[in-house]
Structure formats: structure tokens, C-alpha cells
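The following exercises concern pairs of oppositely charged side chains and their surroundings. Work through each one with the structure at hand before reading its solution.

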Amino acid sequence: MLNDSAFIDGFSKLLSEDYRLAKSYVRDIPTQALVYIRSFTHKLTSELGALQGLTFTSPNLYDRIEQLHSAKLIEPPAVRALHRLRSDGNRGAHPEKYHLTQAQLVTVAEKSIEHILRLVDKLYPLVHQQLAPDYIFEPFDSFAGRDLCYRAVMNNDAQAQYLVGMSLKAKGLMLQEQEQALARTRADVPAENQQPAKGEFSTAAQAFAQAGYWFELASVEHQAAVFEHGVSLLHGYRGQPNPDKAEQLIAQAAEKGIVDAQALLGFFYLVGSHRFAVDMMQAERLLTLAANAEHAEAMSNLGVLYYQTQQFEHAFVWINKAAQAGYPNAQYHLALMLADGLGCIADLAASEQWMLEAAEQGQIDAMLHCGSRILHDDNASQSQRVNAEFYLHQAIKYGHNVTAMIELSVALADGILGRIDVVQAAYLLTLAKAHGNDEHLEVIEPLWQSLAMQIDNVIGLNPSDDEMIALQQAKMLLTSLN
């Protein structure tokens with residue numbers, strides 16, 4: 001019986017290499033696996049279009065899927081499956097935007113492989129006019145990483161060196177986010193109460209330094225590595241940043257057609273940088289090139305460019321595409337545009353849907369919006385309130401958002417979340433005061449007075465010993481606000 005790789009090869013030889021590579025990298029380098037899954041999806045739309053004689057009007061993957069849908073060349077379940085694969089592929093390109101851990105990326109990549117096989121099984125009769133053959137799925141392995149390292153070191157293989165660098169960069173980005181979150185937490189906990197970190201065998205700085213080393217080696221022959229070497233110099237992966245040399249390399253890679261380089265150089269022209277002055281024409285040209293190649297951040301920034309130049313309908317088109325591509329910041333801004341009817345017909349229901357989508361993907365402003373909205377909804381269910389608490393905690397963790405601290409403190413003090421926790425409420429108010437501005441402090445002061453009074457009233461009711469300990473702890477926290 002066929003294995004899954006032979007099954008894909010029998011469906012389309014054009015797709016088999018991307019599938020093989022995607023599957024081989026799932027366990028060791030899930031970000032790269034997801035990039036290959038995005039490539040697989042793009043090539044699959046080309047195959048389906050060619051089969052039906054369809055000429056695509058856009059190189060953008062979202063547009064291609066929708067054109068196949070509009071022409072009724074594929075069924076709605078296949079459309080949804082293609083969009084899911086497209087969205088998963090974008091997560092691999094920008095894992096840091098989604099607050100995903102390595103384990104979560106592996107899970108996404110594994111599920112994407114399953115989705116590919118199910119989709120091909122459904123499309124097989126359309127392409128070959130016969131039912132798909134039976135096949136056996138061969139388990140994922142963990143040999144790709146070792147093979148890459150061998151080729152990078154022993155064969156001086158530029159492609160392998162580049163991929164090793166990409167794996168280390170992804171690791172560095174995730175470690176950096178964890179370290180920043182830990183640093184914020186430790187900053188809010190008295191030194192005497194802090195526990196030493198355990199099992200910290202690698203730091204973001206170490207991962208970035210190793211990534212920079214491999215990018216520099218690969219850049220001699222590999223254009224994508226030229227871009228990554230430029231990014232390494234820009235952010236100082238291996239020492240002091242060198243913005244002049246960095247931006248020169250990024251521009252060089254952009255000229256060679258590297259999409260990530262075009263997107264970043266376009267951003268430089270949009271906002272200005274060390275080497276490049278603001279130039280809206282150049283920004284539009286480069287961002288359009290990257291956006292048409294399904295670069296989600298470039299789509300979003302192209303929308304920003306049009307928004308800044310008051311071309312709201314164009315802004316809506318590109319922010320919508322970036323949102324459809326799964327980019328959280330674009331989903332948040334699309335929600336705002338739909339709420340205000342800016343560049344589009346106002347649609348409050350769609351606005352809330354996109355706001356929720358952005359919140360579920362970790363966009364801080366969206367999490368704050370959704371969490372606050374649920375807490376102020378008298379008809380919200382308990383499960384919705386649980387989600388609200390999670391969103392606000394995440395907004396505090398990743399953004400140190402003072403409004404989220406205040407909202408959650410009030411909810412815990414008033415029992416809105418189904419319980420009263422005056423200790424946590426008091427702790428959140430102390431955080432809010434430490435990080436808030438004058439406007440925040442005007443809100444915090446009456447809340448402090450109210451919570452202090454609430455605690456004194458409960459103490460006067462002779463609570464149990466355990467309750468008294470908690471109340472005294474909360475009172476001590478509030479005393480620290482004075």
C-alpha cells in the first residue's frame with residue numbers, strides 16, 4: 001500500500017517536494033514546515049486553476065482561493081481547508097506575532113499535514129476523475145534537524161546553514177518573549193519572594209548569536225540568508241547593532257526578490273530609518289510586491305500607508321486581506337474600521353467577530369476590548385467571563401496594560417467572575433498604580449478607597465482564620481499604595 005508521501009506524489013508531482021519537506025521539518029523546525037505548507041497551498045491553487053482553465057487575476061493566495069470559490073471550481077469545504085492552510089502557513093512566517101511556543105508550533109504543523117491529506121483526498125476525484133487510493137501515514141520523525149546540522153557543518157551547505165539559522169532565530173524569538181514576560185513578572189514581585197529560575201539552559205541572546213553566525217556563513221551564497229544576516233546586524237544578534245550595513249544588506253536582498261526583504265525595506269520607506277528617508281512611492285511599490293506574495297505584515301503595512309494618505313477604501317482592502325491571512329494586528333484594525341464604517345459599510349457584528357479573532361490570537365488591544373466588553377455585559381455566561389479573565393491576564397502579561405489591571409481588579413473585588421478575591425484585586429491595583437499615568441491614578445484612587453472599606457467591613461464580620469489572613473494580606477497591599 002502507498003505511504004502518504006507517495007499518495008501526494010500520485011496526486012501531483014508539483015506538490016510532492018513541498019509536502020515531503022514540510023513533513024520532515026514538523027518536529028525539529030516547525031516554522032519552516034509551515035512555510036513549506038504555505039508554498040504547497042499556493043502551488044495547489046495553481047494546479048486547480050490550470051485544471052479548469054482559470055486565469056488568476058492576482059498572485060495573492062487569498063485572492064486565488066476566493067477566485068476558485070467564486071468560479072465554483074471547488075466546494076466550500078475545500079475553500080475553508082485552503083484558507084486554514086494559508087493561515088497556518090503565515091504563522092510559520094511570523095511565529096512571534098502569535099505568541100506561540102515551540103510545542104504549539106509543532107502541534108499546528110502536525111495538524112496542517114493532516115489537513116493537507118484530507119484536502120487532497122477530497123480533491124482527488126476532481127483532478128483524476130477517480131477516488132483517491134488508500135494509503136498508510138508514516139509517523140513523523142526527528143531526523144531533519146540532525147541532517148541539517150550535518151550538512152551545514154560537514155558539507156558547508158548554504159541552504160542547510162540558512163535553515164539552521166532560521167530554527168535558532170525562531171527559538172530566540174520565543175525565548176525572548178518568555179524572558180520579557182518573566183522579567184515583567186519579577187519586576188512586580190518583591191525580591192525576597194522571588195524563586196530562582198530552574199532549568200534555564202539557553203537564553204534568547206545565545207540563540208540569536210548562534211543564528212547570526214549561521215546566517216553570515218550562508219549569506220555568501222544564499223540570498224534569503226543575506227536578508228537574515230542584515231536583520232541580525234540590525235538587531236545586534238552577535239554584538240553591537242550595525243544599522244548602516246544591515247539596511248544595505250536588506251536592500252540588496254530586496255533587489256534580488258526576497259519577499260521578507262521587500263516587506264521590511266517597504267516599511268523603512270514608510271516610516272523612515274537609519275539609511276532610508278520616508279518615500280511613500282517606494283514604500284507603496286515594495287509593500288505591494290511583498291503583499292502580492294502573501295506577506296501578511298506587508299499587507300497590513302500597505303493598508304496603513306493607504307490609511308495615512310486618506311485612501312480608506314484601499315486601506316480597507318489590504319487590511320482585510322491581512323486579517324484574512326491571519327495577521328492579528330490587521331484583524332484588530334479591521335474590526336475598528338468595520339465598527340466606524342471607514343472605507344467600508346459599517347458592520348458591528350463583523351467588527352466584533354474580527355475583534356474576537358484578534359483576541360484569540362493574542363493581540364493585546366483586542367484582548368483588552370473583548371475582556372472589558374464581556375465584564376460589562378450583564379448577560380454574559382460564566383464561560384464567557386472565564387474567557388474575559390484570561391484575555392485581561394494576557395493583556396497584563398504581554399502588554400502590562402494598566403486598564404486591564406484596573407478592569408480585572410474591579411471584577412475580582414465585585415464578584416463579577418463568580419468569586420471574590422480581594423487579595424488579587426489589591427495586588428492588581430498596586431500594579432496599576434506602579435505603571436499608570438496621572439489619568440489612571442485618578443481612577444485608581446476611588447477604587448482603592450472602596451476596596452479598603454470593603455475589606456474593613458468584612459474583617460468586622462469575624463471571618464474564619466484563613467479568610468482573615470487573606471484580608472490582612474490585601475489590606476497590607478493597599479497600605480503600600482499610600
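**Exercise 1.** In this predicted model, determine whether Glu-17 is buried, partly exposed or exposed, and then examine its salt bridge with Arg-20.

*Solution.* Glu-17 has a relative accessible area of 39%, and because the partly exposed class lies between 20% and 50%, Glu-17 counts as partly exposed. Arg-20, with a relative accessible area of 42%, is likewise partly exposed. The side chains of these two residues form a salt bridge, with 2.6 Å from N to O. As for their placement in the chain, Arg-20 and Glu-17 lie 3 residues apart in helix 2, a separation of about one helical turn.

**Exercise 2.** Establish which parts of the chain are linked by the salt bridge between Lys-23 and Asp-4, and classify both residues by accessibility.

*Solution.* Begin with the contact itself, in which the side chains of Lys-23 and Asp-4 meet at 2.7 Å, N to O. This pair connects distant parts of the chain, since Lys-23 belongs to helix 2 (residues 13-25) and Asp-4 to helix 1 (residues 4-11), with their positions 19 residues apart. Buried means under 20% relative accessible area; Lys-23, at 9%, is therefore buried, and Asp-4, at 0%, is buried too.

**Exercise 3.** Identify the network to which the salt bridge of Arg-151 and Asp-157 belongs.

*Solution.* The side chains of Arg-151 and Asp-157 form a salt bridge at 3.1 Å, N to O. Through salt bridges with shared partners, Asp-147, Arg-151 and Asp-157 make up one network. Arg-151 is partly exposed at 22% relative accessible area, as is Asp-157 at 23%.

Definitions and conventions:
Residues are numbered from 1 along each chain as its sequence is written. This is a predicted model: local features need pLDDT of at least 70, side-chain atom pairs count only at pLDDT 80 or more; totals for chains, interfaces and linings use all residues. Side-chain values use heavy atoms; hydrogens and water are left out. A salt bridge is a side-chain nitrogen of Lys or Arg within 4 Å of a carboxyl oxygen of Asp or Glu. Helices (H or I, at least four residues) and strands (E, at least two) are DSSP runs, numbered from the N terminus. Buried means under 20% relative accessible area, exposed over 50%, partly exposed in between (1.4 Å probe, protein chains only).
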